[in-house]
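Good morning, and thank you for making room for this on the agenda. I would like to walk you through one chain, beginning with its overall form and ending with its surface.

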Amino acid sequence: ILPEGAFRAVLSVLTGGLAGAWVIHDILFLARVARHRGTRRRDPLVADQVFGYVMGIVIGAVGVVGTLRFNGVF
């Protein structure tokens with residue numbers, strides 16, 4: 001139904017775009033947690049949030065790098 005080039009473009013935009021948005025989202029939320037002076041870093045709930053945001057950034061970065069490698073950039 002789709003030519004190979006169009007399929008690769010759609011797949012890249014969806015995967016890379018979603019992963020990039022995920023990275024930006026988690027960076028903004030991690031910055032918000034770091035800026036909030038009322039939170040204590042040793043609080044387990046805050047530590048879990050920070051860990052989750054860092055893992056989201058790592059997973060999103062893997063998605064972006066994978067998309068770039070799929071398209072032959074790296």
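What follows goes from the whole chain to its helices and then to a patch on the surface.

Please keep in mind throughout that this is a predicted model. In terms of secondary structure, the chain comes to two helices and zero strands. Taken along the principal axes, the box filled by its C-alpha atoms is roughly 55 × 20 × 15 Å, and the radius of gyration of the chain is 16 Å, whereas a compact globule of 74 residues would be near 11 Å.

Let me take the helices in turn. Helix α1 covers residues 4-35, and with its 32 residues it reaches 46 Å from first C-alpha to last, close to the 46 Å expected at 1.5 Å a residue. Helix α2, residues 44-70, has 27 residues, which at 1.5 Å a residue should span 39 Å, and because its end C-alpha atoms are 38 Å apart, the model agrees with that expectation. After α2 comes Gly72, which has a positive phi, near 80°.

How, then, do the helices meet? In α1 the buried residues are Ser12, Gly16, Ala19, Gly20, Val23, Asp26 and Val33, and these pack against α2. On the other side, Val46, Val50, Tyr53, Gly56, Gly60, Gly63 and Thr67 are buried in α2, and the buried residues of α2 pack in turn against α1. When reading those two lists, it helps to recall that an α-helix has 3.6 residues a turn, so residues three or four places apart point the same way. As for contacts in the chain with a separation of 6 or more, 63% of them are between residues 24 or more positions apart.

That brings me to the surface. Of the 74 residues, 19% count as buried, and the chain exposes about 5,700 Å², of which carbon and sulfur atoms supply 70%. Which residues form the nonpolar patch on the surface? They are Ile1, Leu2, Phe7, Val10, Leu11, Leu14 and Phe70, and together they have about 770 Å² of accessible area. Helix α1 provides the largest share of this patch, namely four residues.

One residue of the patch deserves a closer look, and that is Leu11, which lies in α1. Why does Leu11 count as partly exposed? Its relative accessibility is 34%, and the partly exposed class lies between the buried limit, under 20%, and the exposed limit, over 50%.

I am happy to take questions from here.

Key
Residues are numbered from 1 along each chain as its sequence is written. This is a predicted model: local features need pLDDT of at least 70, side-chain atom pairs count only at pLDDT 80 or more; totals for chains, interfaces and linings use all residues. Side-chain values use heavy atoms; hydrogens and water are left out. Patches are made of residues with over 30% relative accessible area and no salt bridge: like charges are joined within 9 Å, nonpolar side chains (Val, Leu, Ile, Met, Phe, Trp, Tyr) within 5 Å. Accessible areas come from the Shrake-Rupley method with a 1.4 Å probe; for residues, only the protein chains shown count as cover. A salt bridge is a side-chain nitrogen of Lys or Arg within 4 Å of a carboxyl oxygen of Asp or Glu. Buried means under 20% relative accessible area, exposed over 50%, partly exposed in between (1.4 Å probe, protein chains only). The radius of gyration is taken over C-alpha atoms; the globule rule is 2.2 Å times the number of residues to the power 0.38. Contact means heavy atoms within 4.5 Å. The expected span of a helix is 1.5 Å times one less than its number of residues.
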